[in-house]
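Here are a few short exercises to work through with the model open. Try each one yourself before reading the solution.

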Amino acid sequence: MKRLLFLLLLLPACGDAYNSPGPRPDGIDKYLASFKADAAKYGRDFHPDDFTYSTVKSFDADKKNLFFRTAARCVDLAHIEFNKTIWDAKSHLLRELYVYHELGHCFLHREHKNSLDSIMIADVERLNESYKANRTKLVKELFTGN
Ligand SMILES: [Zn+2]
């Protein structure tokens with residue numbers, strides 16, 4: 001019994017940090033549901049539970065690099081990791097953009113596109129001003145590539 005307890009205590013230290021189950025980010029389910037509904041419009045069957053979601057306190061201290069000031073990232077096409085501090089500070093609109101962008105990587109296997117007409121633009125926050133007015137067009141581009 002003592003030995004079993006010892007092994008159980010060791011378990012959390014063994015896994016890949018990205019895959020260790022952390023808390024899901026607050027409010028993520030409505031964005032996953034909305035992505036599922038949009039995916040269905042373009043004939044894609046998205047199941048939120050095919051992916052895992054977790055929060056971390058910080059990606060890195062280097063704030064100059066886009067990668068480290070982003071609110072989320074897709075890991076191994078299977079997991080979306082959220083920077084809790086940054087995510088919690090984002091508006092509803094930006095949260096949706098981040099979830100859609102990361103699922104663009106993880107679910108649609110899309111790469112970055114250097115265009116303000118695409119949710120797959122590397123710095124998704126550049127769409128902050130135009131997203132509301134162009135949402136339909138941007139969501140179509142995400143699922144169809146044009
Ligand atoms: Zn990206």
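**Exercise 1.** Which residues does Glu-102 touch, not counting residues up to four places away in sequence?

*Solution.* This is a predicted model, so keep that in mind throughout. Start by finding Glu-102, which sits in helix H5. Leaving out its sequence neighbours up to four places away, the contacts of Glu-102 are Ala-72, Arg-73, Cys-74 and Ile-80.

**Exercise 2.** Decide whether Glu-102 is buried or exposed.

*Solution.* Count C-beta neighbours inside 10 Å: Glu-102 has 25. The cut-off for buried is 20 or more, so Glu-102 counts as buried.

**Exercise 3.** Look at the loop between E2 and E3, and work out what is notable about the phi of Leu-77 and whether Leu-77 is buried or exposed.

*Solution.* First, place it: Leu-77 lies in the loop between E2 and E3. Next, check the backbone: its phi is near 55 degrees, positive in a residue that isn't glycine. Then count: Leu-77 has 10 other C-beta atoms within 10 Å, so it is exposed. Last, the link back to Glu-102: the two C-alpha atoms are 9.2 Å apart, with their positions 25 residues apart along the chain.

**Exercise 4.** How are H5 and H6 oriented relative to each other?

*Solution.* Take H5 (residues 92–106) and H6 (residues 131–144): they pack at about 10 degrees, axes 12 Å apart. Angles under 35 degrees count as roughly parallel, so that is the label for H5 and H6. On the H5 side, the contact uses Leu-93, Leu-97, Tyr-100 and Gly-104, meeting Tyr-131, Lys-132 and Leu-142 of H6. Sorted by type, the contact residues give five nonpolar, one polar and one charged.

Key
Residues numbered from 1 in each chain as written. Predicted model: local features only at pLDDT ≥ 70, side-chain atom pairs only at ≥ 80, totals over all residues. Axes fitted to C-alpha atoms, helices over the stretch in contact; angles between N-to-C directions. Helix = DSSP H or I, 4+ residues; strand = E, 2+ residues; numbered from the N terminus. Parallel < 35°, antiparallel > 145°, perpendicular 65-115°, else oblique. Contact = placed C-beta atoms within 7 Å. Nonpolar A, V, L, I, M, F, W, Y, C, P; charged D, E, K, R; others polar. Buried ≥ 20, exposed ≤ 12 C-beta atoms within 10 Å, placed from the backbone.
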